[in-house]
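Hi,

Here is the structure I promised to pass on. Have a look at it first, and then read on for what turned up.

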Amino acid sequence: QVQLVESGGGLVQAGGSLRLSCAASGRTLSSYVLGWFRQAPGKEREIVAVFRTSAGNTYYSDSVKGRFTISRDNAKNTVYLQMDSTKPEDTAVYYCAAVRLGTRWLSPDYWGQGTQVTVSS
């Protein structure tokens, strides 16, 4: 079992910055890789930024590449999403997710409860 708790969401003006955090816990945490997804109203959940499950480097969706940065603090079991140059279309519920090492991000094993991010124009 892996538990994920997001924080840091809120309201930000377009062009502003926000940092999301995801605190992870669980006995088998070392077997998992973490990442971020989001779901906007009326749309499907989509990948935002994740650590790759095998190579260890990162993947970003085209819509956030160059603006968002995913990072982690292994000592704190925490993953971050730094959101810069935000746009109204970034408005969504952001979810932290975990997938087992060596598998694919198509179907994460665990999800956090989500945190709302609203970008005003």
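Strands here are DSSP runs (E) of at least two residues, numbered from the N terminus. Keep in mind that this is a predicted model.

**A buried glutamate**

Let me start with E6, which sits in strand β1, residues 3–7. Which way do the side chains of β1 point? They alternate: L4 and E6 face one way and are buried, while Q3, V5 and S7 face the other way and are not. What does a buried E6 do for a charged partner? E6 has no salt bridge, and the nearest side chain of opposite charge, R45, is 7.7 Å away. What the E6 side chain does reach is backbone: the nitrogen of Q113 at 3.0 Å, and the backbone nitrogen of G114, which lies 3.0 Å from a polar atom of that side chain. Beyond its close sequence neighbours (four places either way), E6 is in contact with a list of residues including W36, Y94, C96 and T115.

**How some of the strands line up**

β1 runs antiparallel to β3, and 5 bridges join them. Within that pairing, V5 has A23 of β3 as its bridge partner. A23 also has a bridge partner in β8, namely T78; β3 and β8 pair in the antiparallel sense over 6 bridges. On to β7, which pairs with β8 in the antiparallel sense, over 6 bridges. There, T69 stands opposite Q82 of β8. β7 and β8 form a hairpin with 4 residues between them, and N77 in the turn has a positive phi of about 50°. As for β8 itself, 5 of its 6 residues are buried, so the rest of the structure largely encloses this strand.

**The core**

The largest nonpolar core has 35 residues, and the ones that touch the most other members are L4, W36, V48, I70, L81, M83 and Y94. Two or more residues each come from β3 (18–25), β4 (32–39), β5 (46–51), β7 (68–73), β8 (78–83), β9 (92–100) and β11 (115–120). Which element gives the most to this core? That is β9, with 6 residues. If you want to click on one core residue, try V48: leaving out neighbours within four places in sequence, its contacts include W36, F37, Y59, F68, L81 and Y94.

**Salt bridges**

How many salt bridges does the structure hold? There are 4. In general, side chains of opposite charge can pair when their charged atoms come close. One of the pairs is R38 with E46, whose closest N and O atoms are 2.7 Å apart. R38 is buried, with a relative accessible area of 6%, whereas E46 counts as partly exposed at 34%. Another joins K65 and D62, at 3.3 Å from N to O; D62 counts as exposed, at 66% relative accessibility.

Then there is D90 with R67, where the closest N and O atoms are 2.8 Å apart. This pair links distant parts of the chain: D90 is in the loop between β8 and β9, and R67 is in the loop between β6 (58–60) and β7, 23 residues apart. Both D90 and R67 are buried. Through shared partners, salt bridges join R38, E46, R67 and D90 into one network.

That's what I have for now. Shout if anything is unclear.

Cheers

Terms used. Residues numbered from 1 in each chain as written. Predicted model: local features only at pLDDT ≥ 70, side-chain atom pairs only at ≥ 80, totals over all residues. Heavy atoms only, no water. Core = buried A, V, L, I, M, F, W, Y, C linked by side-chain atoms within 4.5 Å. Buried < 20%, exposed > 50% of the residue type's maximum accessible area, 1.4 Å probe, protein only. Contact = heavy atoms within 4.5 Å. Lys, Arg positive; Asp, Glu negative; His and termini not counted. Polar contact = N/O pair within 3.5 Å; in protein donor to acceptor, adjacent residues only side chain to side chain. Pairing = 2+ DSSP bridges.
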